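Student: I'm new to this structure. Could you take me through it, one question at a time?

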Amino acid sequence: MTTAPVVENLSLASRGPTRPLILSDRQGFDRRWFAPNLKAVYVPTHPEQVLAIVTEALSTHGRNVKITSGRHCYENFVYNDETAAVIDMSALNQVGFDNARQAYFVDAGCENWTVYRTLLNTFGKTLPAGSCYSVGAGGHITGGGYGLLSRLHGLTVDHLSAVDIVTWDAAAGRGKLSHVSASSADPDEKDLFWALRGAGGGNFGVIARYYFQQLPDAPDHATLWTLAWDWSSLDLTAFTNLLAEYADLVTTLPDSNFTLLKLNHVAASQVGMVLQVTSSTAGTRRTAWRASRSASRRSPGPDRW
């Protein structure tokens, strides 16, 4: 008799299966990739469970265990023919302040929307992370975490002060939970933290929680403009003018503002532009408005707001 693949919720008291696998367990947002040989999905619901789950998953499935948070990976690092098990961190989704460590924390399964709302509504703080609301913190932060406030505050990983991470102890044949930071007493842990702030990519362990001793204040307000031009209305001269105007805009924007020119494939029908202004001064907002309107006027065709 064949045992059906399962999703497992390893609570502190139980290790039993909770339900059979379903189609969405085998793929993420990018539908090009699929895990046809997936046998199990482990879903920790508390940070303390991650250690037992990593030990169980690796002991059972070997190296073919992958980690997901928001499932937004563009490549097939998680969902491929070799994947036997997935550790799904999405149920670890708390944001708060750890009084003992005197640091803000973000669980690996948090999505950007939860992080932004909780940090703003509770502490008046923010992170310079990405604009897609459902991207998970797990891969986003170790991958850098670039977003609309990065011209002002740098990458999200620049603000990282510590992590709770489960690594694999090959000699003991089990996982090891550690709190690592730049001030760790163990030199190997210091090196690990250094690597996690620039060479993460899921190569060193399973991060359960991120810590930030200091975070930027959230802006009082932000204004977002979007423009679009039809590819069909852009000849070479018009396209050249658009790029020139955009280059002028970028070099004159204050660091508090952000812009992105989306040179989409012609199959998408349009070129897009995003402009975010977070300055509190009316003069700066007027300057940004004039620049965005100028960019629109220098290219033919209707712009869409």
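Student: Let's start with α2: which residues are buried there?
Tutor: First, a note: this is a predicted model, in which local features need a pLDDT (the predictor's confidence in each residue, from 0 to 100) of at least 70, side-chain atom pairs count only at pLDDT 80 or more, and totals for chains, interfaces and linings use all residues. Residues are numbered from 1 along each chain as its sequence is written, and side-chain values use heavy atoms, leaving out hydrogens and water. Helices (H or I, at least four residues) and strands (E, at least two) are DSSP runs, numbered from the N terminus, and buried means under 20% relative accessible area, exposed over 50%, partly exposed in between (1.4 Å probe, protein chains only). In α2, the buried residues include Asn112, Val115 and Leu119.

Student: Within what arc do the buried residues of α2 fall, seen down its axis?
Tutor: An α-helix has 3.6 residues a turn, so residues three or four places apart point the same way. The arc is taken from the directions from the helix axis to the C-beta atoms. The buried residues of α2 line one face of the helix, because they fall within an arc of 65°.

Student: And which exposed residues does the face of α2 turned away from its buried side carry?
Tutor: We've just seen that the buried residues line one face. On the face turned away from them, the exposed residues are Asn121 and Thr122.

Student: What covers the buried residues of α2?
Tutor: Helix α2 (residues 112–123) lies across β6 and β7, at about 50° to β6. That angle is between axes, which are lines fitted to C-alpha atoms, for helices over the stretch in contact, with angles from 0 to 180 degrees between N-to-C directions. As for contact, it means heavy atoms within 4.5 Å. The cover includes β6, β7 and α3 (137–142).

Student: How far apart are the end C-alpha atoms of α2?
Tutor: The expected span of a helix is 1.5 Å times one less than its number of residues. For the twelve residues of α2 that gives 16 Å, and the model agrees, since the end C-alpha atoms are apart by 16 Å.

Student: Which strands stand at the edges of the open sheet of five strands, each with a single partner strand?
Tutor: Two strands pair if DSSP finds at least two bridges between them. Here the order is β6-β7-β10-β8-β9, with antiparallel pairing. One side of each edge strand is left without a neighbour in the sheet, so the edge strands are β6 (95–98) and β9 (174–181).

Student: Which residue in β7 does Gly96 stand opposite?
Tutor: β6 and β7 run antiparallel and are joined by four bridges. Across from Gly96 in β7 is Phe105.

Student: Is Ala182 buried or exposed?
Tutor: Look in the loop between β9 and α5 for Ala182. Leaving aside neighbours within four places in sequence, Ala182 is in contact with Ser161, Lys190 and Phe193. Its relative accessible area is 55%, so Ala182 counts as exposed.

Student: What about the open sheet of three strands: what is its order?
Tutor: Its edge strands are β11 (223–230) and β12 (258–262), each pairing on one side only. The pairing is antiparallel, and the order is β11-β13-β12.

Student: How many of the eight residues of β13 are buried?
Tutor: β13 is joined to β11 by eight bridges and to β12 by five. In β13, Met273 has Leu227 opposite and also Leu261 opposite. β13 is largely enclosed by the rest of the structure, because the number of its residues that are buried is seven.

Student: Which helix packs on the sheet, touching β11, β12 and β13?
Tutor: Its direction makes about 165° with that of β12. It covers residues 236–252, and it is helix α6.

Student: Finally, in which strand is confidence highest?
Tutor: The mean pLDDT of the protein is 86, and 84% of its residues reach 70 or more. Over residues 300–305, though, the pLDDT is below 50. Confidence is lowest in strand β1 (residues 6–8), at a mean of 57. With a mean of 98, the highest is strand β7.
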